[in-house]
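Hi everyone, thanks for making room for me today. I'd like to walk you through one protein structure, going from the whole chain down to single residues. Have a look at it first.

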Amino acid sequence: MGLIINKKTGKAPAIFGFHRQKSTCFFVAKNWCRSLANSSEGISLLPKFSTLALLLFAFLVTNIHAQNTNLISADFNNLPMREALELLEKKYQVSFSYDDELLKGLKISARFQHKTLSEAMQRMLLGKAIDYEILNNRDVLLLRKKVAPESESSTSSILRKFKGRVLSLPNAMPLPAASVFLSKSGQGTVTSDDGTFFFETPINGNDTLVISYVGYQKEKYPLAQTGILPFWEVKLKPFTEWISNITVQDFATDMVRFDSSGRATLFKPERMPTLPGWGQTDVTRLLQLLPGVTSPDESAAALNVRGGTPDQNLILWDHIPIYHPSHFFGLYDGFNPQVVQNVQFFSGNFGAEFGGRTSSVINLASKPVQNDGKMHGGVAINLLNLSAHVSAPLVKNKLQLMLGTRRSYSDMFKSGAFQSLFNQIFQNSRVNTERRESTLNSSSITWRPDFYFFDFNSKLLFTPNKKTELHLSSYRSKDALDYFYKYDDQWGYFSSLDKFVTQNTGLSAGYKSQWNDKFAVNYVATFSDFGSDYDYELAWNRESILDYGHRQRNALRDLGLKLQHQYRFSPQSSLNFGYQTSNYRHKVSYLDTSITQKKTFWQYADSSRAWLHTIYGEVRMQLTKDLLLELGYRENYYIPHQQFYSEPRFFLQWTPPKKSFRLRASFGKYYQFLYQVNEWNSLGVGDASWLIANQDLPVQETWQGALGIQWQSEKTLFSAETYFKKQNNLTSVTLVLEPDIDNPWTFDGTSTIRGLDLLFRQRWKKYSMWTSYTFGSVQQYFPGLNRDQPFPARHDIRHNFNFIHMLNFGGLSMSLNYHFNTGVPFAEPDTILTVKCDDCFGDMTQKLGYQRLNTGRLPSTHRVDFSLNWRIEASRWYAKLGFSVYNLLNRENLLDRDYFLNLPPKDQQQIGEIQRLNRRALGRTPNLVLQIGF
């Protein structure tokens, strides 16, 4: 079915786009607002929020105008129908849309006075084979009248609404991006994240509604038999194979899909049979299988997305901003996979709904409570932690509760996997040195590291009706290390205690409702509290508890409100707009004290607050059947700077008819108002400190654009996208080692990023192959550094490649991944500086100097990961046993290389020797997991 066009204006009716009449202001692609733009007085009244204001003004005026349409009078005598319609359009500000062939050679003779638009159409079309539909009180759609055969339904070929929800069996979970379409006309849509769908299209009674989702059985509903239901709730059954008492879900179902616009990647973590090397789903490591996502230090959550830094990723859990998304000092994912429903991932150029970060959006949603009236849950244990979750109906079909928790037991039992991870983290710190000392002299040395982590999730969901949801979600995570070292013999005494605690607490409360077929709201209040505390205590004699103490504190509190609205002008056109605000409270402090001397050596404290107010709007228009346009705009007002920050967004997609591929282009501007800087403690580990942009720290700015192509079918997925990013106002710790330097920061930095992402997936019945490749370049520039020349960033990985194989035999599944990336740059010292030292021999000492930055590059990384899973399913329970090996070939890969100057004691001449220190990646690490669910 082609797109129906208004022959006079050359534009689609309201259900396909927007129109502009002489007394009304509407949005069109070439002109934001014609009538207002012609008024100098109107322009003078526009504030900084002008773009969004025009969108909202157009929406309001359109509806007001539609409610005050005048009565119609006419006197036509054998006048061509097209001319008669043009006269009515000019005189009464109505709009007619039709196929040109429909009115060819047709004339009209009619006379009437003061009739409504509907009455006028009945008079004009009397005796003619034409049907009509009136939209928005002013837009008239003309269609050819069809007489159904006796064997068919008597349903006329007029505009009909289809709305409903697609769920999975047996757990009644929503299926996003499911296809809903009419088999003959081809008209339809895909479901949203909550499984709902809505579209309007002309139909006839012998068509069939088809609902399908990859990995599930297709459902068909002949309209001649079922008619048009007010609400369709469809539950799809998964494809299964029965082997004795074992039920195996088709493992080749897509663990990843693109959304309807192709901008976001949608993950279904439970659909991946096993994650190579970890034996279970690890959400943030799962993202590293996508092109454009790297982690130079092989951490779980410190992701560099398209050349950005980890703090430039907006990570949300049920709308809660997460500032500590990992465990075990970054090596372990911070999200319990048993309670993750899906992951929406934007690798850049995200829409106007999201802001505050410049690189990517990782939007995680917890599992909705299964709406089958039964209790569900499960437990899982591996060589690091124990996890459990449960969901239960409190009031059937109205109130449900989900709880999930996970805790490591490394403080009670230290497995081999824990030892490998622990040694890898602290390999170049004093912790490892003191460990070696304790093995050589265990009688006089006590070495005791106690570490654990845990996380907790909850969700209370209230659904008073099918259109409304209220939720209350919580997130809590904590990592705690107590490291005690003591040397005690006849020659002396020394003890130290390191306490490190990092935690993140979050809450969200939301109201989501579909007020009518066209208007929906989503209101969410959020709270997130991040804290990182480090204490270091020393004692030099047995009698004293504490001789010296060092303390570091970093805290960030984020209180937010999001008011989101969506108005659908048609299934193909919509307006998203809303208001967001965040209140940030930031603290950082350092303290050095001596208990024995009752003296404070040094202290520093900083505390600040900031308000950020944002309004945004985004118009989504299906300009033609093949062309999709999204125009977005965010206007931020940052109170500490008393300044506006504007963010335009643009997205265009072309999908050829009856083709599986699409071309897309995007461009946008993004600002970031808080970010991280590294603050090292004596352990050399921990989260970087969160800071807020203030009078000393600027707001980061990023321009980025992308051009790509996608091909997606039932078995094949291919994506290629090239991108460019320009970042300004970067802040870094200076590497210029000069004596008496007061300011450790380097400002006004820029970064130029170019890259190409390739993704290919092919699957068969038992075998699936997944390949991703990224070519990228990240060049940074800071005035005064590197002789005022650009230099490669520390996360500049030119080539990154993953080749994944997944094989399934009944309940047995295997996966193998080969990972390759070129080495990261590192800085080699090129000079030795002589600096003043009052208590050194000759009052002078030496330091390393770096005039040229990141001139060296580590060897390339090669790694093979392997996993093996065995899964058994029965009617009311399932069990899964998994075995995995990370770095199966035990290849030695380097993560970083540092240098230090080995100097003699201060009472000797200060001539040092340069020493090289390598930080190695994790060696061969096996893991075992057992999971039971019901």
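**The whole chain**

Okay, so the accessible surface of this protein chain comes to about 41200 Å², and 54% of that belongs to carbon and sulfur atoms. Before I go on: what you're looking at is a predicted model.

How many helices and strands does the protein chain have? There are nine helices and 55 strands. The chain has 934 residues, and 55% of them are buried. Now take the contacts with a separation of 6 or more: 64% of those are between residues 24 or more positions apart.

**Inside: the core**

Let's go inside. The largest nonpolar core has 26 residues. Which of them touch the most other members? Those are Trp-317, Phe-335, Ile-362 and Leu-364. Several elements each supply at least two residues of this core: helix 7 (283–287), strand 19 (313–317), strand 23 (340–346), strand 24 (360–366) and strand 45 (799–809). That fits a general pattern: in soluble globular proteins, nonpolar side chains tend to be buried together.

Pick out Leu-364 on your screen. Leaving out residues up to four places away in sequence, Leu-364 touches a whole list of residues, including Val-283, Ile-315, Trp-317, Phe-335 and Val-340. Asp-318 and Asn-342 are on that list as well.

**Helix 9 and its cover**

Next stop is helix 9, residues 430–440. In this helix, Arg-430, Val-431, Asn-432, Glu-434 and Ser-438 are buried. And what covers them? The cover includes helix 8 (416–425), plus strand 28 (445–465), strand 29 (468–489), strand 30 (492–514) and strand 31 (519–539).

Let's stay with strand 30 for a second, where you'll find Thr-502. Is Thr-502 buried or exposed? Its relative accessibility is 1%, so Thr-502 counts as buried. Not counting residues up to four places away in sequence, Thr-502 touches His-324, Ser-477, Lys-478, Asp-479, Phe-530, Gly-531, Ser-532 and Asp-687.

**Salt bridges**

Now for the charged pairs. The structure holds 29 salt bridges, and I've picked three.

Number one on my tour: Asp-455 and Arg-406 form a salt bridge, with their closest N and O atoms 2.8 Å apart. This pair links distant parts of the chain, with Asp-455 in strand 28 and Arg-406 in strand 27, 49 residues apart. Both partners are buried. For Arg-406, the relative accessible area is 3%, so this residue falls in the buried class. The side chain of Arg-406 also reaches the backbone oxygen of Asp-333, at 3.0 Å.

Then there's the pair of Arg-664 and Glu-721, whose side chains meet in a salt bridge at 3.1 Å, N to O. Arg-664 lies in strand 37 (residues 661–672) and Glu-721 in strand 41 (residues 716–733), so the pair ties together parts that are 57 residues apart in sequence. Again, both residues are buried.

The last pair on my tour is Arg-857 and Asp-796, with a salt bridge of 2.8 Å, N to O. Arg-857 sits in strand 50 (residues 856–857), while Asp-796 is in the loop between strand 44 (791–792) and strand 45, so this bridge joins parts 61 residues apart in sequence. Are the two partners buried or exposed? Arg-857 is partly exposed, with a relative accessible area of 34%, whereas Asp-796 is buried, at 0%. And one more thing about bridges: those that share partners join Arg-306, Arg-664, Glu-721 and Asp-757 into one network.

**Out on the surface**

Let's finish outside. There's a nonpolar surface patch of about 940 Å², and among its members are Val-379, Ile-381, Phe-809, Trp-870 and Phe-883. Which strand gives the largest share? That's strand 55, with three residues. Strand 25 (376–382), strand 52 (878–886) and strand 55 (925–933) each supply at least two. Ile-381, for example, is in strand 25, and this residue is partly exposed, with a relative accessible area of 37%.

One residue to end on: Lys-107, in strand 3 (residues 107–115). Lys-107 is partly exposed, at 45% relative accessible area. Apart from neighbours within four places in sequence, Lys-107 is in contact with Asn-78, Leu-79, Pro-80, Met-81 and Lys-128.

That's my tour, thanks for listening!

Key: Residues are numbered from 1 along each chain as its sequence is written. This is a predicted model: local features need pLDDT of at least 70, side-chain atom pairs count only at pLDDT 80 or more; totals for chains, interfaces and linings use all residues. Side-chain values use heavy atoms; hydrogens and water are left out. Patches are made of residues with over 30% relative accessible area and no salt bridge: like charges are joined within 9 Å, nonpolar side chains (Val, Leu, Ile, Met, Phe, Trp, Tyr) within 5 Å. Accessible areas come from the Shrake-Rupley method with a 1.4 Å probe; for residues, only the protein chains shown count as cover. A salt bridge is a side-chain nitrogen of Lys or Arg within 4 Å of a carboxyl oxygen of Asp or Glu. Helices (H or I, at least four residues) and strands (E, at least two) are DSSP runs, numbered from the N terminus. Buried means under 20% relative accessible area, exposed over 50%, partly exposed in between (1.4 Å probe, protein chains only). A polar contact is a pair of N or O atoms within 3.5 Å; within protein, one must be able to donate a hydrogen and the other to accept it, and residues adjacent in sequence count only if both atoms are side-chain atoms. Contact means heavy atoms within 4.5 Å. A nonpolar core is a set of buried Ala, Val, Leu, Ile, Met, Phe, Trp, Tyr and Cys residues joined through side-chain atoms within 4.5 Å.
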